[in-house]
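The exercises below are meant to be worked with the sequence and the coordinates open side by side. Try each task before reading the solution that follows it.

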Amino acid sequence: MGISSAVPRCSVWNRWTGLRWLTSFPRRILAQQRVTSAPGTLQRRKLSGCSKLMLKPQTTAEVSQVLRYCYERNLAVNPQGGNTGLVGGSVPVFDEIILSTVLMNRIVSFDKVSGILVCQAGCILEKLNEYLEEQGFIMPLDLGAKGSCHIGGNVATNAGGLRLLRYGSLRGTVLGLEVVLADGSALDCLASLRKDNTGYDLKQLFIGSEGTLGVITAVSILCPQKPKAVNLAFLGCQSFTKVLETFTACRAMLGEILSAYEFMDEKCMELVERHLKLSSPVTGSPFYVLIETSGSNSTHDEEKLNNFLEQTMTSGSVTDGTVATDDKKIKMLWSLRERITEALTHDGYVYKYDISLPVGKLYDLVTDMRARLGQSAKNVVGYGHLGDGNLHLNITAESYSHSLLDAIEPFVYEWTARYNGSISAEHGLGFKKKQFIQYSKPDEAVFLMQRFKAMLDPKGILNPYKTLPSSS
């Protein structure tokens, strides 16, 4: 299944130049500088890779033609969207041809009655949300990288984000996909139906496959209506147990209007204030939670939120807090959570882990990691989507240290496996985590995945060295 035997590492440019004289290939790809032919280096958060060629097709037919050419000549291809991933899934390992979806940014259709959007894979998430807001709708997912990530990449990695608690994962909201397979054949499963029980649900194979089974070129997705009333509460809790108590009360009392429940520890807030000069209106607590409600009646929603806050303050679950209803304050409070990643980058080298765990065990990993690393780490912080059981564990140091990495891995994966968690909640496996998949999946499951890969990409040209461990 590996591609190393099929693709000489330094021959890509020489073997690709023949495309310049293929009369059947659109010459505007070259004429309008949509190909970067000069050797270059791409870097994504401590991960870098070299490629001699980047192609920027604009249609599914062009993607099909590119992949057919590559398949026939055993040329490896690295699909790339907004390049915002954290596990190296979009970065070439050797000299794979980069297939960028940056110009595939057309909205095909939107049905205001059903709320179904059809668009090309290169549409930027934030741009889609802005377009939908004008129609009275929103995207069902929201990410910190929304300003540059592509919807095709979101689907290919099964991205989670801040709205998953309310609207569910992309496995439920994506209704159809258009995908080009390794040999260049186009699979049109771009359905716009909420119900279709005819045969196997093939789109699920490609959601979360990280570009290893096919290149997603278009997406059909169900979008919710834009809430008419949004409230945000930023609260302080004295222990993680209190965070859990607040979440239990939150679900019971806010019910259908609850749209986000995020948590962060005091270390996160210290870094945001120190490095980004942001000011939190709530201070002096070991933990903080951010609760968002979204509904259609502001009076109804505010009444429910106020009742919830009164009960949690009286019970001692919450010791301090503030509420925002206007857009300016809402954005200010969200920035305290969304910019934690940015603050961490200013603190030194960052070791990042994206973990799913039973909610009650979520912060125990942070506590155990701090005790294990001691003074060898600069900071060990925990934050994330508590409503989804998703912890973002981040460890900073002055610079990269192999001995520190050895102290973290595989301990972090062993700890996660002990409590039946997942080593990748929403970021995928990419290049960095592929060899650790056995901590979350049994050998039989990995073997079946490798069989799917061999069937759909027998030459192994699509995003090689990613997602799955090398097959024996």
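## Overall architecture

The chain holds 17 helices and 18 strands, and the model is a predicted one.

**Exercise 1.** Determine what share of the 472 residues in the chain is buried, and what share of the contacts with a separation of 6 or more comes from residues 24 or more positions apart.

*Solution.* Begin with accessibility: buried residues make up 51% of the 472 residues. Then turn to the contacts, where, among those with a separation of 6 or more, 74% are between residues 24 or more positions apart.

## Two helix pairs

**Exercise 2.** Describe how helix α9 (residues 240-254) and helix α11 (residues 298-315) are arranged with respect to each other, beginning with the axes and ending with the classes of the residues in contact.

*Solution.* Step one is the geometry of the axes, which come within 10 Å and cross at roughly 150°. Step two is the direction: because angles over 145 degrees count as roughly antiparallel, α9 is roughly antiparallel to α11. Step three is the handedness, and here α9 passes α11 in a right-handed crossing. Step four lists the residues that meet, namely Thr-246, Ala-249, Cys-250, Met-253 and Leu-254 from α9, and Lys-304, Leu-305, Asn-307, Phe-308, Gln-311 and Thr-312 from α11. Sorted by class, this contact of α9 with α11 has 6 nonpolar, 4 polar and 1 charged residues.

**Exercise 3.** Carry out the corresponding analysis for α14 and α16, giving the angle and the distance between their axes, the handedness and the residues in contact.

*Solution.* The two helices pack at an angle of about 145°, and their axes are 11 Å apart. The crossing of α14 and α16 is right-handed. On the side of α14 the contact is made by Asp-364, Leu-365, Asp-368, Met-369 and Arg-372, and on the side of α16 by Phe-411, Val-412, Trp-415 and Thr-416. The class count for the contact of α14 with α16 is 5 nonpolar, 1 polar and 3 charged residues.

## A helix with a buried face

**Exercise 4.** Which residues of helix α10 (residues 266-276) are buried, and what do the buried residues of α10 pack against?

*Solution.* First select the buried residues of α10, which are Cys-268, Met-269, Leu-271, Val-272 and Leu-276. Viewed down the axis of α10, these buried residues fall within an arc of 160°, so they line one face of the helix. The general background is that an α-helix has 3.6 residues a turn, so residues three or four places apart point the same way. The partners of the buried residues of α10 come next: they pack against the strands β12 (229-237), β13 (258-265), β14 (287-295) and β17 (379-385), together with the helices α12 (327-338) and α13 (340-345). Finally, just after α10, Lys-277 takes a positive phi of about 60°.

## Two residues and their distant partners

**Exercise 5.** Is Val-366 buried or exposed, and which residues is Val-366 in contact with when neighbours within four places in sequence are left aside?

*Solution.* Locate Val-366 in helix α14 (residues 364-373). With a relative accessible area of 0%, Val-366 is buried. Outside its sequence neighbours within four places, Val-366 is in contact with Asp-265, Val-380, Val-381, Gly-382, Leu-391 and Leu-393. One of these partners, Leu-391, is 25 residues from Val-366 in sequence and 9.1 Å from it in space, C-alpha to C-alpha.

**Exercise 6.** Where does Gln-135 lie, and which residues does Gln-135 touch, not counting those up to four places away in sequence?

*Solution.* Gln-135 belongs to the loop between α4 (125-134) and α5 (151-156), and its relative accessible area of 23% makes it partly exposed. With residues up to four places away set aside, Gln-135 touches Phe-110 and Lys-112. Gln-135 and Lys-112 are 23 residues apart in sequence, while their C-alpha atoms are 7.3 Å apart in space.

## Backbone exceptions

**Exercise 7.** Compare the settings of Glu-210 and Asn-420, then characterise the peptide bond that joins Glu-409 and Pro-410.

*Solution.* Recall that most residues other than glycine have a negative phi, and most peptide bonds are trans. Glu-210 has a positive phi near 60° and sits in the loop between α8 (203-206) and β11 (215-222); at 9% relative accessibility, Glu-210 counts as buried. Asn-420 likewise has a positive phi, near 55°, in the loop between α16 and α17 (443-456), but at 72% relative accessibility Asn-420 counts as exposed. The bond between Glu-409 and Pro-410 is cis, with omega about 5°, and Pro-410 lies in the loop between α15 (402-408) and α16 (411-418).

Definitions and conventions:
Residues numbered from 1 in each chain as written. Predicted model: local features only at pLDDT ≥ 70, side-chain atom pairs only at ≥ 80, totals over all residues. Heavy atoms only, no water. Axes fitted to C-alpha atoms, helices over the stretch in contact; angles between N-to-C directions. Helix = DSSP H or I, 4+ residues; strand = E, 2+ residues; numbered from the N terminus. Parallel < 35°, antiparallel > 145°, perpendicular 65-115°, else oblique. Left-handed = near helix turned anticlockwise from the far one by under 90°. Contact = heavy atoms within 4.5 Å. Nonpolar A, V, L, I, M, F, W, Y, C, P; charged D, E, K, R; others polar. Buried < 20%, exposed > 50% of the residue type's maximum accessible area, 1.4 Å probe, protein only. Arc of directions from axis to C-beta.
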